[in-house]
Amino acid sequence: MGVRGLQTYLERHCPEACVKVNLSELSRRYYRQHGARPVMVVDGLGCLRKFYNQELPWVYGGQWREYCEELGRFLQSFRTAGIDLVFIFDGVVEKSKRAEWVKRRQQSARDVVTVFTHIKKHSTQPSDDLFQMPVSLGTLTRFALKSLGAVVINSTKEADIEIAEYCRKYPCFGILGQDSDFVIFNTVPFYSSKNLDIATLNTIQYSRDRLCYRLQISLEDLPLFSCLMGNDIIKSTELESFKRRQVGVPANARFPRVEDVVMAVSRYMQTIPHGTTIRDVARDVFPNEPDKWLRMEEGARMYLLPGDPLPWYMENCPPHVLPPSGVKRNCRQMDGDEDITLEVDVEEIRPRVDTKVLQFARERHLNSDNIAQIYNILISAETDSSVAMEDETNKDVPSSSVLFRPIRQRMYAVLYGVGSNYEMSNKTNCSKTVTTQRIPQRPVLLAPRFSTPLLLTQRNRGFHTDVSSTAVGDQVPQDSAYADSCRPVVGKNAVKEWCPYRGNPLTCPDVITALPLNLIGGTPSLSMLWFSSGEPQTKHLRLHTFFACMDCAGLLESVLRVEPDPHYIILCLVLHYMVKHMLALQEWEVDAFLAQAVVPFAQDAGRLRGLKVPRVAPHPVHLAAVFLKGVSYALLADCACGWPITAQDGMPWYYFDGKLFHHKYLMAEGGADVRALCDHDNRALQLFWTLKELVVPGTRLDQKRREMCFPHHQGKGGH
């Protein structure tokens with residue numbers, strides 16, 4: 001996430017440290033010197049804005065086929081120059097970075113509100129300073145790059161640290177990214193992705209040596225400089241009074257300019273006597289805040305790589321070992337439909353995962369063969385998601401993180417074995433129970449009828465079972481033994497979620513319990529799903545489990561009978577789920593989703609690029625974001641079940657284009673019939689009806705058809 005103000009200072013006030021270079025020329029020079037092809041390590045998440053460039057509209061939900069072509073051009077440019085690329089993506093969010101993660105999500109949520117205000121007023125895409133990444137851009141980019149032959153790695157710790165360590169361990173040519181932390185690490189040259197010209201490979205190298213010369217400090221001083229400027233551990237806002245003192249600006253005056261702050265901090269460092277420890281520096285910077293003294297040390301140590309000597313200010317400071325965390329975690333919970341916040345303690349344990357399963361998950365995580373959240377849930381029982389382009393003022397559409405929560409809950413059951421034969425034989429059956437530690441609203445048909453929240457009562461602040469949503473005839477035991485067997489334990493039957501949605505300030509995680517699958521034989525084990533051979537029974541078990549996670553087990557027979565192109569299965573399952581659980585979703589809106597997937601136009605990136613949409617409307621922007629959230633959770637469940645639908649078959653560039661959907665939506669809203677939506681193409685029309693027959697069974701649209709075919713059955717008495 002970088003050092004506060006450093007990049008601005010480099011580019012605006014230290015031009016000698018921004019060296020213009022041509023990567024092709026440097027590549028040839030490297031090959032002559034080393035006799036090997038140079039390897040460039042790319043900060044994957046840090047380069048997303050370079051990949052999803054300004055030529056691609058972002059407001060519609062993602063131009064996925066065009067995006068894949070952009071990635072192909074990026075790779076080809078480096079291959080032509082003789083440079084091999086290794087992409088490393090963030091695979092985790094470190095606990096020390098969570099506060100900054102939350103802050104950025106909160107800002108993104110505010111930006112989304114501004115985006116929708118602009119759309120409603122001007123019917124256009126806002127300026128790029130409000131750019132919002134399409135849903136799951138980071139995850140989907142990894143699979144797109146792999147499909148194009150690139151080497152892609154998910155980190156098991158903070159990506160910038162892993163990138164720097166990778167460059168220390170292997171001979172690398174440089175780092176491409178935009179995180180100013182790479183200026184602080186004493187590693188290979190750091191090149192700017194923001195200033196990169198893909199066609200010529202001209203860019204800027206940020207020179208550590210020249211920066212240090214300007215600041216009159218040494219390379220080993222850079223980690224301390226980072227802490228005094230503000231980084232991911234010591235926030236810039238915590239250093240405001242210190243910076244004002246150094247610049248000589250009073251508290252009631254305007255905050256000083258970044259160039260003045262940088263030079264004042266460097267002068268301060270020059271006055272520190274040699275032999276002073278970083279803890280002494282921290283006491284001087286934060287004289288009355290001892291909680292920050294050790295954090296400053298932690299903030300400097302994170303830049304030390306294996307083999308680095310300790311800088312002078314750490315030589316007399318042995319590493320501080322933080323005390324072990326307790327097993328209780330404080331969480332917030334909403335009391336039913338009332339806006340009452342309750343504080344509860346939830347037990348947390350280390351997930352007990354079979355060693356073979358965990359090793360396999362780690363390997364697939366590192367190779368980006370699995371979605372990163374799978375490994376995180378298995379090792380830490382924690383997950384998060386990004387902000388989506390959802391209109392908070394549209395109360396007819398539930399927040400996507402809440403809408404698709406039951407899919408995640410069943411996926412957690414698969415990962416933790418909740419509801420397996422072994423578990424069910426050793427404790428009371430809790431398959432009718434779901435625990436959510438905070439639910440700010442209850443959208444209509446939010447969850448299937450067998451999903452029953454455990455809520456806290458204001459009377460006794462203890463758990464009680466809300467049976468209002470259970471199926472008719474369900475018998476839910478109310479004794480204390482049952483309640484104890486079903487209580488949420490993070491790492492055993494529950495997961496901590498950091499999911500943005502309407503009304504969630506992200507001040508603490510939601511604790512969400514797993515929902516056992518409604519399958520004969522119980523929830524299959526990960527060993528059965530991941531390691532069994534490829535005989536038909538195993539393939540069917542994976543499919544059956546995945547369809548159960550998606551709350552559409554009844555569709556499996558139809559899919560097996562029709563055998564649609566695998567590219568369309570995720571599309572149909574997500575739309576089926578949305579129809580079941582979003583009463584506001586209209587049939588003509590479903591038709592727009594299907595039509596944009598089947599027309600020949602959808603597979604032609606050139607024609608998609610040239611497509612003109614008459615105006616931007618807020619509702620299809622919102623629906624596209626909800627749909628893509630559903631796709632991301634469907635892929636997560638698919639991954640947990642052993643990829644019964646292969647990762648590549650599930651990718652949205654085979655069945656979704658944001659701009660084309662927007663175009664079809666406006667057509668359908670204006671009264672266009674299905675034939676017009678399908679561009680009067682008979683093959684597209686036939687495929688449309690085939691897919692729709694997989695979307696509507698068992699939903700209100702199916703019921704609507706039957707009522708239209710048999711109107712005499714309608715009436716108050718059912719006669």
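## Cysteines without partners

The sulfur of Cys641 sits 4.1 Å from the closest cysteine sulfur, the one in Cys549, and that is too far for a bond. A disulfide here is a pair of cysteine sulfur atoms within 2.5 Å, and the structure holds 0 of them. Cys172 is in no disulfide either: its nearest cysteine sulfur, from Cys167, is 4.1 Å away.

Cys641 is buried, at 0% relative accessible area, and Cys172 is buried too, at 10%. (Buried means under 20% relative accessible area, exposed over 50% and partly exposed in between, with a 1.4 Å probe and protein chains only.)

## Where the numbers come from

This is a predicted model, so local features need pLDDT of at least 70 and side-chain atom pairs count only at pLDDT 80 or more, while totals for chains, interfaces and linings use all residues. Residues are numbered from 1 along each chain as its sequence is written, and side-chain values use heavy atoms, leaving out hydrogens and water.

## Helix α29

Now for α29, residues 658-669. (Helices are DSSP runs of H or I, at least four residues, and strands are runs of E, at least two, numbered from the N terminus.) Its 12 residues should span 16 Å, taking 1.5 Å times one less than the number of residues, and its end C-alpha atoms are indeed 16 Å apart.

The helix is mostly covered, with 9 of its 12 residues buried; among them are Phe661, Tyr665 and Leu666. The buried residues pack against α25, α26, α27 and α30, where contact means heavy atoms within 4.5 Å.

Just after α29, Gly671 takes a positive phi of about 105 degrees.
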